[in-house]
Every structure is written in structure tokens, then in C-alpha cells.
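Work through the exercises below with the model open. Try each task before reading its solution.

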Amino acid sequence: MATGTDQVVGLGLVAVSLIIFTYYTAWVILLPFIDSEHVIHKFFLPRAYAVAIPLAAGLLLLLCVGLFITYIMLKKQRVTKKAQ
């Protein structure tokens, strides 16, 4: 059973994800159809970052997963050596 804190954290994560998804969708899909002199363009980064930011985030995620797997494997190897 989830506690109140777990529910608040979960709701916060969902809210942040929804905000990021909405911002990115507007940035990538809707913004190209709006005139470049329109005031809304001040709220968004240049379009080059639309590819660079997800790419960097994906590489960072892969790095973290790789480091985690390496840590677990080395930890398991140490435990196996101690058992022998």
C-alpha cells in the first residue's frame, strides 16, 4: 500500500513529465507553424536544441545504466571471491 508521501511524489513526477511533454510537443510540432517574429518564440530555445537535449539525456541515461550494471557485476564478483 502506498503511503501519502509516495502518492505525492508520484503525482509530482507525473506532473513534471506532463509539463515537459507539453513543452517539447509545442516546441517541436507547433512552433514551426508560428511566424518567427511572434512573441511566443521568446519562451522556447532554438530548434537545434530540440535534437541535442534528448540526445544528451539519452546518452546520460545509457551511461548511468551502464555504470549501475558494472557496479552490480563488480559487487557480485567480490562476494563470489569472498565465498571461495
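**Exercise 1: the core**

The largest nonpolar core has five residues: Ala26, Trp27, Leu31, Phe44 and Ala50. The model is a predicted one. Task: decide whether Trp27 is buried or exposed, and list what Trp27 touches.

Solution.
- Locate the residue. Trp27 sits in helix H1.
- Apply the cut-off. Buried means under 20% relative accessible area. Trp27 has 4% relative accessibility, so Trp27 counts as buried.
- List the contacts, leaving out residues up to four places away in sequence. Trp27 touches Pro32, Phe44, Leu45, Pro46, Arg47, Tyr49, Ala50 and Ile53.
- Check one partner. Pro46 is 19 residues from Trp27 in sequence, and their C-alpha atoms are 9.2 Å apart.
- Turn to another core member, with the same exclusion. Leu31 touches Ala26, Ile40, His41, Phe44 and Arg47.

**Exercise 2: the helix pair**

Task: classify the packing of H1 against H2, and name the residues that meet.

Solution.
- Take the geometry. H1 (residues 4-30) and H2 (residues 49-83) pack at about 140°, with axes 11 Å apart.
- Classify. That angle makes H1 oblique to H2; roughly antiparallel would need over 145 degrees.
- Name the residues. H1 brings Tyr24, Trp27 and Val28; H2 brings Tyr49, Ala50, Ile53 and Pro54.
- Sort by class. The contact has seven nonpolar residues, no polar and no charged ones.

**Exercise 3: the annotated spans**

Task: describe the spans that UniProt lists as "transmembrane region".

Solution.
- Read the record. The unreviewed UniProt entry gives residues 12-34 and 49-74.
- Residues 12-34 are 83% helix and 0% strand, with end C-alpha atoms 31 Å apart.
- Residues 49-74 are 100% helix and 0% strand, with end C-alpha atoms 37 Å apart.

Key. Residues are numbered from 1 along each chain as its sequence is written. This is a predicted model: local features need pLDDT of at least 70, side-chain atom pairs count only at pLDDT 80 or more; totals for chains, interfaces and linings use all residues. Side-chain values use heavy atoms; hydrogens and water are left out. Axes are lines fitted to C-alpha atoms, for helices over the stretch in contact, and angles run from 0 to 180 degrees between N-to-C directions. Helices (H or I, at least four residues) and strands (E, at least two) are DSSP runs, numbered from the N terminus. Angles under 35 degrees count as roughly parallel, over 145 as roughly antiparallel, 65 to 115 as roughly perpendicular and the rest as oblique. Contact means heavy atoms within 4.5 Å. Ala, Val, Leu, Ile, Met, Phe, Trp, Tyr, Cys and Pro count as nonpolar, Asp, Glu, Lys and Arg as charged, and the others, Gly among them, as polar. UniProt positions are given in the numbering used here, feature names are shortened, and annotations may be inferred rather than shown by experiment. A nonpolar core is a set of buried Ala, Val, Leu, Ile, Met, Phe, Trp, Tyr and Cys residues joined through side-chain atoms within 4.5 Å. Buried means under 20% relative accessible area, exposed over 50%, partly exposed in between (1.4 Å probe, protein chains only).
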